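Reader: I am new to this structure and would like to be taken through it. Could we look at it together?

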Amino acid sequence: GRIDLARSFEGGWVASAALGRRLYTDTGNSLLAIGVERYVGDWRLAAALGQTRLDGGDTAASTRLQFDHSFAAERGRIGLILASGRELEGVPATAQAPADVIYQSVSTLALIGTWALAATWALTGEASQVRIEDIQRRSGAPAGAPYHRNGVRIGVRHDF
């Protein structure tokens with residue numbers, strides 16, 4: 001589960017926090033994140049810091065910056081996301097190997113958008129590049145080669 005809290009302040013400022021917990025078959029992780037946003041007219045700048053801790057003590061930190069412009073009475077927007085940090089992934093035990101943890105550096109650049117089509121319909125889109133580097137296993141076993149993932153997503157949203 002996850003709990004997200006946010007509070008707005010005078011002058012277009014918003015502060016937020018998140019606390020989460022995920023449980024898996026053999027282990028789990030906890031998340032703590034804080035963020036701040038600033039709205040000026042149709043523009044928004046947001047920054048967030050996050051910390052994830054796997055059961056057993058391994059931790060990873062992340063940062064995210066987002067810059068958005070709203071239009072069409074706030075039914076549309078275009079934005080840019082920059083994010084980076086360490087990611088932890090639990091690897092369950094198998095008959096051939098004990099449970100392990102993969103550590104990797106992740107950097108993301110994404111252009112996102114929403115365009116209103118009608119009163120309750122919108123077209124959504126994203127173009128992103130994700131770089132995965134410095135992949136390691138806690139056990140020291142081979143972990144895989146760095147790679148890039150580029151993608152485009154297009155969707156339709158309906159507001160109920």
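Reader: To begin, how much of the chain counts as buried?
Author: This is a predicted model. Of its 160 residues, 22% count as buried.

Reader: What is the cut-off for buried here?
Author: A residue is called buried when its relative accessible area is under 20%.

Reader: And how much accessible surface does the chain have?
Author: The accessible surface is about 10600 Å², and carbon and sulfur atoms account for 60% of that area.

Reader: Which box do the C-alpha atoms fill?
Author: Along the principal axes, the C-alpha atoms occupy a box of roughly 55 × 35 × 30 Å.

Reader: How many helices and strands are there?
Author: The chain contains 0 helices and 9 strands. Read from the N terminus, the order of elements is β-β-β-β-β-β-β-β-β.

Reader: Let us turn to pairing. How does β3 pair with β4?
Author: Strand β3, residues 28-40, runs antiparallel to strand β4, residues 43-54, and 12 bridges join the two. Within this pair, A33 lies opposite G50 of β4.

Reader: What sits in the turn between those two?
Author: The hairpin of β3 and β4 has 2 residues between the strands, and G41 in the turn has a positive phi of about 60°.

Reader: Where does β4 go next?
Author: β4 is also joined to strand β5, residues 59-71, by 11 bridges in an antiparallel arrangement. R53 stands opposite T59 in β5. These strands form a hairpin with 4 residues between them, where G56 takes a positive phi near 110°.

Reader: What about β7 and β8?
Author: Strand β7 covers residues 100-116 and strand β8 covers residues 121-137; they run antiparallel with 14 bridges between them. S107 has R131 of β8 as its bridge partner. A hairpin of 4 residues connects β7 to β8.

Reader: Which strand pairs with β8 over 12 bridges?
Author: That is strand β9, residues 147-158, which pairs with β8 in the antiparallel sense. There, A127 has V152 of β9 as its bridge partner.

Reader: Changing topic, how many contacts join residues far apart in sequence?
Author: Taking contacts between residues at least 6 apart in sequence, 39% join residues at least 24 apart.

Reader: Finally, how many positive and negative side chains are there?
Author: There are 17 positive and 16 negative side chains. The centres of these two sets lie 1 Å apart.

How values were computed:
Residues are numbered from 1 along each chain as its sequence is written. This is a predicted model: local features need pLDDT of at least 70, side-chain atom pairs count only at pLDDT 80 or more; totals for chains, interfaces and linings use all residues. Side-chain values use heavy atoms; hydrogens and water are left out. Two strands pair if DSSP finds at least two bridges between them. Buried means under 20% relative accessible area, exposed over 50%, partly exposed in between (1.4 Å probe, protein chains only). Contact means heavy atoms within 4.5 Å. Accessible areas come from the Shrake-Rupley method with a 1.4 Å probe; for residues, only the protein chains shown count as cover. Lys and Arg count as positive and Asp and Glu as negative; His and the chain ends are not counted. The place of a charge is taken as NZ of Lys, CZ of Arg, CG of Asp or CD of Glu.
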